Amino acid sequence: MTFSDAELDRYARHLVLREVGGAGQAALKAARVVVIGAGGIGSPALQYLAAAGVGTLVAIDDDRVDASNLQRQTLFGDSDIGALKVDAAAAAIARINPFVAVERQALRIDATNAADLLTDAQVVLDGCDNFATRLTVADAALAARIPLVSAAVGQFEGQLGVFRGWEPHLPCYRCFVGDDPARADASCADQGVLGALTGIIGSIAALETMRAIIGFGDDPAGKLLIADLLAFRFRTLTLPKDPGCRCAG
């Protein structure tokens with residue numbers, strides 16, 4: 001894969017990194033990443049994936065931009081209020097990096113369409129806001145053997161994990177959370193969330209998506225990163241594979 005002079009200038013700081021270089025940047029350019037949710041987590045993730053030069057970004061979100069989003073969803077501005085988030089996101093990404101293609105899916109992903117929406121993805125980044133959808137996305141990614149970067153935030157705490165449950169010793173998302181889609185979802189509208197927290201977790205989600213594509217550094221799969229911003233603390237937990245989980249056999 002070749003790069004234009006404009007691309008070489010744009011990605012110069014990646015190209016000089018030994019862990020990325022030309023091969024890593026080419027992998028990013030060839031990659032197709034599906035991002036579930038263009039909100040608090042998806043907004044910074046899309047910005048950094050676009051800036052990094054991921055060739056194709058598929059943004060899935062059926063919501064419209066609301067004034068209450070602007071405190072944390074920095075991909076949008078006042079002029080976007082009322083617009084579909086995927087449309088506003090595509091316009092913003094075009095301003096960030098014209099070399100990135102954006103596919104807009106203004107719908108809610110569910111069990112009937114998940115497999116099709118994830119087709120040919122190298123990585124799935126899930127930042128959606130409800131547990132049932134997270135399970136659906138996780139099951140579809142597991143079935144297709146696509147690495148899943150799953151991130152969530154609430155109030156002052158965030159968490160992020162990378163899941164490849166088809167591998168013999170690594171857990172899937174259900175090994176971590178169980179099977180109960182009826183659990184109550186904690187809404188940002190009800191509980192609040194610190195805006196900058198979504199930027200931190202969304203940016204880390206973008207980084208882990210890039211790591212899954214390029215393969216630099218230590219493998220984070222099977223671990224859970226927990227950020228507690230009230231306590232100024234980050235912790236990493238090891239997640240075991242559940243021998244009773246469907247991914248185990």
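**Exposure, a surface patch and enclosed spaces in a predicted model**

Author: Leu-194 lies in the loop between helix 9 (188-191) and helix 10. The model discussed here is predicted.

Reader: Why is Leu-194 called partly exposed?

Author: The relative accessibility of Leu-194 is 40%. Buried would require under 20%, and exposed over 50%. The value for Leu-194 falls in between, so the residue counts as partly exposed.

Reader: Why does Val-177 count as buried?

Author: Val-177 belongs to helix 8 (residues 173-177), and its relative accessibility is 14%. Buried means under 20%, so Val-177 meets that condition. The C-alpha atom of Val-177 is separated by 18 Å from that of Ala-227, 50 residues apart along the chain.

Reader: What makes the nonpolar surface patch, and what is its area?

Author: Phe-156, Leu-194 and Leu-230 make the patch, which has an area of about 290 Å². A residue needs over 30% relative accessible area to be included; Leu-194, at 40%, therefore passes that cut-off.

Reader: How many cavities of 30 Å³ or more does a search of the whole structure find?

Author: The search finds two. The largest cavity has a volume of about 50 Å³, and the second largest a volume of about 40 Å³.

Reader: Which classes of residue make up the lining of the largest cavity?

Author: The lining has nine nonpolar residues, one polar and one charged. Arg-164 and Gly-165 are among the lining residues. Arg counts as charged and Gly as polar, so these two account for the charged and polar entries. Helix 7 (residues 131-144) contributes the most to this lining, with three residues.

Reader: What makes two residues in the lining of the second largest cavity charged, and two polar?

Author: Glu-7 and Lys-29 line this cavity, and so do Gly-53 and Gly-55. Because Glu and Lys count as charged and Gly as polar, these four residues supply both pairs. The other five are nonpolar: Phe-3, Tyr-11, Val-54, Phe-99 and Val-100.

Reader: Why does the lining of the second largest pocket have no charged residues?

Author: The lining consists of His-14, Leu-17, Val-20, Tyr-48, Ser-203, Ala-206, Leu-207, Met-210 and Phe-216. The charged class holds Asp, Glu, Lys and Arg, so none of these lining residues belongs to it. His-14 and Ser-203 are the two polar residues, beside seven nonpolar ones. Helix 10 (residues 195-214) provides the largest share of the lining, four residues, and the pocket holds about 160 Å³ of space.

How values were computed
Residues numbered from 1 in each chain as written. Predicted model: local features only at pLDDT ≥ 70, side-chain atom pairs only at ≥ 80, totals over all residues. Heavy atoms only, no water. 1 Å grid on protein atoms, 1.4 Å probe; cavity = no way out; pocket = protein on both sides within 12 Å on 5 of 7 lines; lining within 4 Å. Points joined across faces, edges and corners; volume = space filled by probe spheres on them. Helix = DSSP H or I, 4+ residues; strand = E, 2+ residues; numbered from the N terminus. Patch = residues over 30% accessible without salt bridge, like charges linked within 9 Å, V, L, I, M, F, W, Y side chains within 5 Å. Areas by Shrake-Rupley, 256 points an atom, 1.4 Å probe, with all protein chains shown as cover. Salt bridge = Lys/Arg side-chain N within 4 Å of Asp/Glu carboxyl O. Buried < 20%, exposed > 50% of the residue type's maximum accessible area, 1.4 Å probe, protein only.
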